[in-house]
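I opened this model with my notebook beside me. These are the things I looked up, in the order I got to them.

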Amino acid sequence: MTKSMTGGCLCGAVTYAAQGEPIFVGHCHCVHCRKASGTGHGTHIAMPENDVSVTGEVKSYAHPADSGNKVARSFCPECGCAIYSKNSGMPGMIFLRASSLDDPDQVTPQMIVYASRAPKWDVMDASLTSFPEMPEGGAQAAMDR
Ligand SMILES: [Zn+2]
Ligand SMILES: [Zn+2]
């Protein structure tokens, strides 16, 4: 059976449905993810864009990432919840925010990137593969190792 996940924002204006297994799930402690998150990291579910259908209008904020890629973060214009991001370095992919899932335990994070930037109080699962910065070739390449 194909895995199916649903999620959305706090006010309900934006919802989504995702079909299939994530390519990877990871925590990111970069400053941008921290500031956009409400805590010390963002948790991203990487999926092919075609496997995700979003209902409702999002607002996006695009900014350059440390990698030089452009990251567009999309959120509900009404309640501000982070829904997903897209990265110009990984076309065709969408990064859903695990915080927006209806059932967040449907995913299991596998890795941590930018661990060196984590606040001391945001302690992560020590059994996860952890990279101090973004690994060479990006998170997807790291998962393929
Ligand atoms: Zn909303
Ligand atoms: Zn990040």
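**Entry 1: the whole chain**

I began with contacts in the protein chain: among those between residues at least 6 apart in sequence, 53% join residues at least 24 apart. I count two residues as in contact if their C-beta atoms, placed from the backbone, lie within 7 Å. A note to self on ground rules: this is a predicted model, local features need pLDDT of at least 70, side-chain atom pairs count only at pLDDT 80 or more, and totals for chains, interfaces and linings use all residues. Residues are numbered from 1 along each chain as its sequence is written, while chains are lettered from A and ligands numbered from 1 in the order in which they are written.

Next I checked the dimensions. The C-alpha trace of the protein chain spans about 35 × 35 × 30 Å along its principal axes. The radius of gyration is 14 Å, which agrees with the value near 15 Å for a compact globule of 145 residues; it is taken over C-alpha atoms, and the globule rule is 2.2 Å times the number of residues to the power 0.38. Of the 145 residues, 30% count as buried. For me, buried means 20 or more other C-beta atoms within 10 Å of a residue's own, exposed means 12 or fewer, and partly exposed lies in between, with C-beta atoms placed from the backbone.

**Entry 2: elements**

I found 2 helices and 11 strands in the protein chain. These are DSSP runs numbered from the N terminus: helices are H or I with at least four residues, strands are E with at least two. Along the sequence the pattern reads β-β-β-α-β-β-β-β-β-β-β-β-α.

**Entry 3: the sheet of 8 strands**

I traced an open sheet of 8 strands with mixed pairing, in the order 6-7-8-9-4-3-10-11. Its edge strands are strand 6 and strand 11, each pairing on one side only. Two strands pair here if DSSP finds at least two bridges between them.

From the strand 6 edge, I saw that strand 6 (residues 59–64) runs antiparallel to strand 7 (residues 70–75), joined by 6 bridges. Ser 60 sits opposite Ser 74 in strand 7. The two strands form a hairpin with 5 residues between them, and Gly 68 in its turn has a positive phi of about 95 degrees. Strand 7 is also antiparallel to strand 8 (residues 82–87), over 5 bridges, with Lys 86 of strand 8 as the bridge partner of Ala 72. That hairpin has 6 residues between the strands, and its Gly 80 takes a positive phi near 85 degrees.

Then I moved to strand 3 (residues 24–28), which is mostly covered, with 4 of its 5 residues buried. Strand 3 pairs with strand 4 in the antiparallel sense over 5 bridges, and Phe 24 faces Ala 46 there. With strand 10, strand 3 pairs in the parallel sense over 3 bridges; Cys 28 stands opposite Val 113. Strand 10 runs parallel to strand 11, with 2 bridges, and Met 111 is opposite Thr 129.

**Entry 4: the sheet of 3 strands**

I also found an open sheet of 3 strands, antiparallel, in the order 1-2-5. Strand 1 (4–8) and strand 5 (52–55) are at the edges with a single partner strand each, so one side of each lacks a neighbour in the sheet. Strand 1 and strand 2 (residues 15–19) share 5 bridges, with Ser 4 opposite Gln 19.

**Entry 5: cores**

Which residues have the most contacts inside the largest nonpolar core? I listed Ala 18, Ile 45, Met 47, Val 52, Ile 83, Ile 94 and Leu 96, in a core of 19 residues. A nonpolar core is a set of buried Ala, Val, Leu, Ile, Met, Phe, Trp, Tyr and Cys residues joined through C-beta atoms within 7 Å. Strand 2, strand 4 (42–48), strand 8 and strand 9 (93–97) each supply at least two of its residues. A second, separate core of 7 residues includes Cys 28, Cys 30, Cys 33 and Val 113.

I followed Ile 83 further: leaving aside neighbours within four places in sequence, its contacts include Cys 9, Val 14, Tyr 16, Val 58 and Phe 75.

**Entry 6: an unusual phi**

Finally I looked at Tyr 114, in the loop between strand 10 (111–113) and strand 11 (129–130). Its phi is near 55 degrees, a positive value in a residue other than glycine. Tyr 114 is buried, with 22 other C-beta atoms within 10 Å.
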